[in-house]
Amino acid sequence: MTAAGTHHLRQREQVHLADIKPRTNAYIAWERRRHRQAHWLVECMAEFMGVFFYVYAGVGSTASFLLSNVAQLNGLGSLFQIGTAYALGILFALVVCAPTSGGHFNPAVTIAFTILKRCPPKKALRYIVAQILGAYIACLLIYVQWYDLIKEATELLEAAGKLDAVMFTSNGPAGVFALYASPGMHLGRVFLNEFVCDFMIGLVIWACLDPTNFSASPVAAPWIVSFVYAVMVWGYSPVGVATNAARDVGARLMAITIWGRAAGGGSYAAIAALTNIPATLLAVAFYEFVLADSSRVITPAHVDFLAGHIAHEEHSQGIIRDGSLSPGLDEKSHEQTIERV
């Protein structure tokens with residue numbers, strides 16, 4: 001009888017890129033080092049680039065919208081455009097970078113995986129640092145690209161006598177990057193808004209990670225996750241929603257770098273940076289204990305997806321040679337490979 005959790009996926013023939021694409025000796029040597037000593041660096045770079053994609057798309061679109069409003073130039077942006085830009089940025093991140101790192105791109109997701117023992121704490125810490133750094137660098141680059149228009153908008157606000165009142169709000173130049181609660185907003189309701197939005201996002205993410213979900217194949221999952229973020233931006237960003245601690249902390253650190261501690265955001269900064277973590281963890285617990293069911297069957301698309309990842313893991317470690325296990329590797333080693341995947 002097969003013990004719970006030890007069922008093997010069907011063996012099938014896998015064709016690796018190395019089987020059909022010639023590689024130079026230098027590239028072979030690099031991949032050998034990458035798979036062993038440098039794998040953590042490559043994964044962190046993928047997390048960095050994933051958040052960079054997401055922030056670069058969304059904040060760039062926000063810059064177009066806010067700065068055009070300051071200059072009273074209508075038609076250069078909209079809330080719909082911003083939500084769509086964030087969605088496409090997340091889609092690009094998942095398509096380009098997730099195959100390398102697993103596609104966390106959010107400290108709350110990384111922390112959830114760590115609690116579930118699917119991500120070692122040391123790796124989680126590296127991921128979170130890389131994620132925040134990705135947002136920080138993306139915002140710095142956007143600031144340089146938009147510098148002339150940011151300066152012009154600042155001068156217009158100063159000439160109108162409004163700069164001090166709006167600089168560090170959601171409608172000011174700093175609000176392009178860091179998130180601020182709108183003047184007069186009750187922070188309790190802002191917290192509720194953030195928590196509910198993050199809970200919904202967490203549920204959708206975990207539904208897409210469920211290999212028994214026939215409605216969310218590995219191909220459809222990036223689109224589904226992207227659009228749940230867009231929906232939250234479209235519907236709830238006017239109240240105040242961050243959805244991702246890396247995006248918030250990285251962008252806020254960038255704003256502080258440019259404008260000083262006044263750009264810190266006050267009490268709202270803690271809500272924006274931290275709320276998505278407990279909200280996501282609650283969503284994960286709700287999905288695992290209420291919506292998930294271990295008796296369901298894994299979908300054919302997910303079987304292929306998992307088999308491909310196992311084949312990659314084994315091939316990269318030199319475990320598979322000529323379609324069989326390498327000498328000295330027992331069945332337990334194969335099970336450990338499946339567990340890592």
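Is Tyr 143 buried or exposed? In this predicted model, residues are numbered from 1 along each chain as its sequence is written, and side-chain values use heavy atoms, without hydrogens and water. Local features need pLDDT of at least 70 and side-chain atom pairs count only at pLDDT 80 or more, whereas totals for chains, interfaces and linings use all residues. Tyr 143 counts as buried, because its relative accessibility is 15% (buried, under 20% relative accessible area; exposed, over 50%; partly exposed, in between; 1.4 Å probe, protein chains only).

The largest nonpolar core (buried Ala, Val, Leu, Ile, Met, Phe, Trp, Tyr and Cys residues joined through side-chain atoms within 4.5 Å) holds 63 residues, of which Val 55, Val 59, Phe 177, Trp 206 and Tyr 229 touch the most other members. Helix α3 (residues 39–70) makes the greatest contribution to this core, with 10 residues; helices are DSSP runs of H or I with at least four residues, numbered from the N terminus. Another core, of six residues, lies apart from it and includes Val 190, Ala 242, Ile 271 and Ala 272. Beyond its neighbours within four places in sequence, Phe 177 has contacts (heavy atoms within 4.5 Å) that include Val 59, Cys 139, Tyr 143, Arg 247 and Trp 259.

Aromatic pairs number 14 under a rule that takes rings of Phe, Tyr and Trp (its six-membered ring) with centres within 6.5 Å, planes under 30 degrees apart being stacked, over 60 edge-to-face and the rest tilted. The rings of Phe 53 and Phe 92 form an edge-to-face pair, because their centres are 6.4 Å apart and their planes stand at 65°. This pair links distant parts of the chain, with Phe 53 in helix α3 and Phe 92 in helix α4, 39 residues apart. Phe 53 is partly exposed at 25% relative accessibility, and Phe 92 is likewise partly exposed at 41%. The pair of Tyr 143 and Trp 259 is also edge-to-face, since the ring centres are 5.7 Å apart and the planes are at 85°. Tyr 143 belongs to helix α7 (residues 121–145) and Trp 259 to helix α12 (residues 245–259), 116 residues apart. Trp 259 is partly exposed, with a relative accessible area of 21%. Tyr 143, Tyr 147, Phe 177 and Trp 259 make up one aromatic cluster.

Ser 101, in helix α5 (residues 98–101), is buried at 7% relative accessibility. Leaving aside neighbours within four places in sequence, Ser 101 contacts Glu 43, Ala 46, Glu 47 and Tyr 127.

Note on methods
Helix = DSSP H or I, 4+ residues; strand = E, 2+ residues; numbered from the N terminus.
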